[in-house]
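Dear colleague,

I am handing over the structure we spoke about, and my notes on it follow directly below. Please read them with the coordinates open beside you.

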Amino acid sequence: MSDSTASTIRRTSSKPKETPEQRARKRKKQLTAGTILVVLVILLGLFIQTQNPKGAFIWIIGIALGYTLQRSRFCFTAAMRDPVLTGGTDLTKAVIMAIALSSLGYMALQMKLTGLSLENLGSETLLDASKLPGNIRAAGVQTIIGGFIFGIGAVIAGGCASGTLMRMGEGFMQQWIAIIFFVAGSVIGAVLLPIFQASPILYQKAPIYLPQLLGGWVPAIIVQFGLLFAIYVLADWYGKKKSGEL
Amino acid sequence: MGENKKYPFHETFLKKEWSYSTGAVLLAILALALVTVTGSAWGVTGAFVMWGGKFLQLVGINADTWKGFNGALAKYNFWKDQPAITDTGIVVGALISVLLAAQFKIKKIKSSKNVWAAILGGLCMGIGARLALGCNIGSFFSALPAFSLHGWLFWISIFSGAAVGSQLLKKYFM
């Protein structure tokens, strides 16, 4: 009955408990609203399709991402925060799982383009790795500074980028405020970025692609999956130690 | 518990929470489907910059001439911006999820501490995501699995940031 414990923790309200009739009415109202919303989503999808040839597909993926994030209470922030704050690593392990699975997918997509021994990389059709599927972007001091500031922000605000959006849908007022300042911060960041880019110490502009850096797909696969596996084992051990199982 | 038995379909398909592993597998599949079909990976915050710039234009500040925008605002179209569509989708998808589970509830702000947390946290995330060229999605979930070193660097740094953030949270925002 972990479900019912979780929901009592989440909803500590001082209001008197609602009667069964009230609960039935609320449930009917919400189900009706949800159904109407699904219809609206389909209609909006048809509209988006008129604006963007892949619009409806992107829209449905977005809806499915939101639905999945909410149903599974998947939270990247908690995956980073909980090991330090509570010692829990269940979400951390889930994130590693998601990353390992995605790595397999990206590997297939990219290998098709680069060739098994990266022979196509640097050719006319595939100038550099940043043209490959996935975000292969500049790696450097800016990544570390940005990631660090982002990590602080995500924990304080109680949700990262995807988490903030998900919690907005769940009805959290705090995240509706956070998004306004997230947007404002993005503009500040967009102003700061060119200043960083002007400094050779603060900004390194080269994207670094592991198969290229390590000299081929085989070492890249060993390093990528080896590290992910090692971190998973470490997270598992740490979680068990903290919960007293070891 | 009697109530749950009354609606077995609702309980099983709409109300039951999914495991983290289910979430992980589905997120990976959805993100891969997106990049396979459209060619561009899942991103979130790229759209936020443009919305901010558009807002500035609306109040009479032409941010488009700034170095950070460089004319991108004039060409911007919400419905052609993949992150803008998926971002909206995530909010609506989560709302559908809680409504169909009959668990929607407006969670009001309890104290001014929460407001400050949202303001400072939001600002930090915005600035950080721009500098790192992406957020926990663009510079992590769509980067690390794509064998980009910046995804690994982002992971190390967001983890350290989260550790510092946890201390700040305990000290000032709880």
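With 17 C-beta neighbours inside 10 Å, A:Arg27 counts as partly exposed, because a residue needs 20 or more to be buried and 12 or fewer to be exposed. Please keep in mind throughout that this is a predicted model. A:Arg27 belongs to helix α2 of chain A, which covers residues 20-51, and its C-alpha lies 21 Å from that of A:Gly66, the two residues being 39 apart in sequence.

A second residue in chain A that I looked at is A:Ser103, which sits in helix α5 (residues 90-114). A:Ser103 counts as buried, because it has 21 C-beta neighbours inside 10 Å. When its neighbours within four places in sequence are left aside, A:Ser103 is in contact with A:Gln224 and A:Phe225 and, from the other chain, with B:Pro145. From A:Ser103 to A:Ala139 the C-alpha separation is 18 Å, for a sequence separation of 36 residues.

Helix α3 of chain A (residues 55-71) offers a simple check of geometry: at 1.5 Å a residue its 17 residues should span 24 Å, and the C-alpha atoms at its ends are indeed 24 Å apart, so the expected and modelled values agree. This helix, α3(A), is mostly covered, with 15 of its 17 residues buried, and it is followed by A:Arg73, whose phi is positive, near 50 degrees.

Turning to the contact between the chains, chain A contributes 113 residues and chain B contributes 110. On the side of chain B that touches chain A, at least two residues each come from α3 (20-38), α4 (46-58), α6, α7 (112-131), α8 (137-141) and α9 (149-173) of chain B, and α3(B) gives the most, with 18 residues. By class, that side of chain B divides into 68 nonpolar, 34 polar and eight charged residues.

Two helix pairs across this contact may interest you. Two packed helices are described by the angle between their axes and the distance between the axes. In one pair, helix α7 of chain A (residues 161-170) packs against helix α6 of chain B (residues 82-100) at an angle of about 45 degrees, with the axes 7 Å apart, which makes α7(A) oblique to α6(B). The crossing of α7(A) and α6(B) is right-handed. Among the residues that make this contact are A:Leu165, A:Met166 and A:Met168 of α7(A), together with B:Ile90, B:Val91 and B:Leu95 of α6(B), and the residues of the contact divide into nine nonpolar, three polar and two charged. In the other pair, helix α8 of chain A (residues 173-197) and α7(B) pack at an angle of about 35 degrees, with their axes 6 Å apart. The crossing of α8(A) and α7(B) is right-handed, and this contact has 22 nonpolar, eight polar and one charged residues.

Finally, there are backbone angles in chain B that you may wish to look at. Most residues other than glycine have a negative phi. B:Ala102, in the loop between α6 and α7 of chain B, has a positive phi near 55 degrees, and it counts as buried because it has 20 C-beta neighbours inside 10 Å. B:Leu133, in the loop between α7 and α8 of chain B, likewise has a positive phi, near 65 degrees, and B:Leu133 is buried, with 24 other C-beta atoms within 10 Å.

With best regards

Terms used. Residues are numbered from 1 along each chain as its sequence is written. Chains are lettered from A and ligands numbered from 1 in the order in which they are written. This is a predicted model: local features need pLDDT of at least 70, side-chain atom pairs count only at pLDDT 80 or more; totals for chains, interfaces and linings use all residues. Axes are lines fitted to C-alpha atoms, for helices over the stretch in contact, and angles run from 0 to 180 degrees between N-to-C directions. Helices (H or I, at least four residues) and strands (E, at least two) are DSSP runs, numbered from the N terminus. Angles under 35 degrees count as roughly parallel, over 145 as roughly antiparallel, 65 to 115 as roughly perpendicular and the rest as oblique. A crossing is left-handed if the near helix is turned anticlockwise from the far one by less than a right angle, and right-handed if clockwise. Two residues are in contact if their C-beta atoms, placed from the backbone, lie within 7 Å. Ala, Val, Leu, Ile, Met, Phe, Trp, Tyr, Cys and Pro count as nonpolar, Asp, Glu, Lys and Arg as charged, and the others, Gly among them, as polar. The expected span of a helix is 1.5 Å times one less than its number of residues.
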